[in-house]
Amino acid sequence: HCVGWKKRSIFWDLPYWSTNMIRHNLDVMHIEKNFFDNIFNTIMCVPGKTKDHLKARQDLAELGIRSKLHPVGSTIPKASYTLNREQMAVLLEWLKTLRFPDGYVSNLARNIDMAKHQVFGMKSHDCHVFMQRLIPIAFRELLPANVWAALTEISLFFRSLTSPRISAADMWRLDEEIAVVLCKLETIFPPTFFDVMEHLPVHLAYEARIAGPVQYRWMYPFER
């Protein structure tokens, strides 16, 4: 008995609904983009978009965890998962020099604001490429080993998930690994980092195992 849950979906009137193995289709494109945005904006300390802010640090103090990150008045100590301005400059200068095959990704150099140390206007496919191809390289020399390793693991998860060819065995493996990866991220980022988008990857490997490769179900061809 669930208190507060009274609505019964009309779909349950369908004769096959109770045995339907997938009653929804989670869009991998938007999940991956939002997951990447949370990671990148937090690491780059983007004002208004980072998940690491004064209220997040006050939550840590109230929970009594990670005392080194507790705010001092309105000042918050630098965290291991954020870059300083010099590191941001190194990363952005590197991004400006990258060259990709024609049509593979947008020209990221046009999206870089060196004065504000920000990357703006990235499309969903740009985030897709950054998440799966650039994260393991971009942050290897800039972040501590444990942070880089966890980010690399979530990058490899999405790369394996969106592979043109998948097997049931691989999806079973990803189904087990993603829970461990998210736990590693929970030991690094503050609780405010984890909204619903950080939970949804738990279901993606199961859906791929039942419904097949995600490129037949995600939103890229429709939004294009």
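# Exercises on a predicted helical model

Glu177 has a relative accessibility of 35%, so this residue counts as partly exposed. That value, like the others below, comes from a predicted model. Let us start from Glu177 and work outward.

## Exercise 1: The partner of Glu177

Task: Find the residue whose side chain meets that of Glu177 in a salt bridge, and place the pair in its helix.

Solution:
- Step one, the pairing. The side chain of Glu177 meets that of Arg173 in a salt bridge, with 3.2 Å from N to O. The cut-off is 4 Å, so 3.2 Å qualifies.
- Step two, the spacing. Both residues sit in helix 6, four residues apart, which means about one helical turn separates Glu177 from Arg173.
- Step three, the cover. Arg173 is partly exposed, at 34% relative accessibility, and Glu177 is partly exposed at 35%.
- Step four, the wider network. Asp170 joins Arg173 and Glu177 in a network of salt bridges.

As background, side chains of opposite charge can pair when their charged atoms come close.

## Exercise 2: Bridges across the sequence

Task: The structure holds nine salt bridges. Take the bridges of Lys184 and Lys51, and work out which parts of the chain each one joins.

Solution:
- Step one, Lys184. Its side chain pairs with that of Glu153 at 2.8 Å, N to O. Lys184 belongs to helix 6 and Glu153 to helix 5 (residues 145-161), so this bridge ties together parts that are 31 residues apart in sequence.
- Step two, the cover of that pair. Lys184 has 35% relative accessibility and is partly exposed; Glu153, with a relative accessible area of 27%, is partly exposed too.
- Step three, Lys51. The side chain of Lys51 meets that of Asp195 in a salt bridge of 3.4 Å, N to O. This pair links distant parts of the chain, 144 residues apart: Lys51 is in the loop between helix 1 (28-43) and helix 2 (54-63), and Asp195 is in the loop between helix 6 (168-186) and helix 7 (196-199).
- Step four, the cover of Asp195. Its relative accessibility is 29%, which places Asp195 in the partly exposed class.

## Exercise 3: A length check on helix 1

Task: Test whether the end-to-end distance of helix 1 agrees with a rise of 1.5 Å a residue, then describe its surroundings.

Solution:
- Step one, the expected span. Helix 1 has 16 residues, and the expected span is 1.5 Å times one less than that number, so it should cover 22 Å.
- Step two, the comparison. The end C-alpha atoms of helix 1 are 22 Å apart, which agrees.
- Step three, the cover. Helix 1 is mostly covered, with 13 of its 16 residues buried.
- Step four, a residue of this helix. Val28 lies in helix 1, and its relative accessible area of 2% means that Val28 is buried. Setting aside residues up to four places away in sequence, Val28 touches Leu161, Thr162, Leu204, Val214 and Trp218. Of these, Leu161 is 133 residues away in sequence, yet the C-alpha atoms of Val28 and Leu161 are 9.2 Å apart in space.
- Step five, a contact from helix 4. Ser124 lies in helix 4 (residues 124-138) and is buried at 17% relative accessibility. Residues it touches, beyond four places away in sequence, are Met29, Lys33 and Tyr220.

## Exercise 4: Positive phi angles

Task: Inspect the backbone at Arg66, His117 and Cys45, and note where each residue sits.

Solution:
- Step one, Arg66. Its phi is positive, near 50 degrees, though the residue is not glycine. Arg66 is in the loop between helix 2 and helix 3 (85-97) and is partly exposed, with a relative accessible area of 26%.
- Step two, His117. This non-glycine residue has a positive phi of about 55 degrees. His117 sits in the loop between strand 1 (112-113) and strand 2 (118-119) and counts as buried at 10% relative accessibility.
- Step three, Cys45. This residue follows helix 1 and has a positive phi near 55 degrees.

## Exercise 5: The whole chain

Task: Summarise the fold, the cover and the charges of the protein.

Solution:
- Step one, the elements. There are nine helices and two strands, in the order α-α-α-β-β-α-α-α-α-α-α.
- Step two, the cover. Of the 224 residues, 41% are buried. The accessible surface is about 13,000 Å², and carbon and sulfur atoms account for 57% of it.
- Step three, the contacts. Among contacts between residues at least 6 apart in sequence, 67% join residues at least 24 apart.
- Step four, the charges. The mean positions of the 27 positive and 23 negative charges lie 2 Å apart, in a C-alpha trace spanning about 60 × 50 × 30 Å along its principal axes.

Conventions
Residues are numbered from 1 along each chain as its sequence is written. This is a predicted model: local features need pLDDT of at least 70, side-chain atom pairs count only at pLDDT 80 or more; totals for chains, interfaces and linings use all residues. Side-chain values use heavy atoms; hydrogens and water are left out. Buried means under 20% relative accessible area, exposed over 50%, partly exposed in between (1.4 Å probe, protein chains only). Contact means heavy atoms within 4.5 Å. Accessible areas come from the Shrake-Rupley method with a 1.4 Å probe; for residues, only the protein chains shown count as cover. Lys and Arg count as positive and Asp and Glu as negative; His and the chain ends are not counted. The place of a charge is taken as NZ of Lys, CZ of Arg, CG of Asp or CD of Glu.
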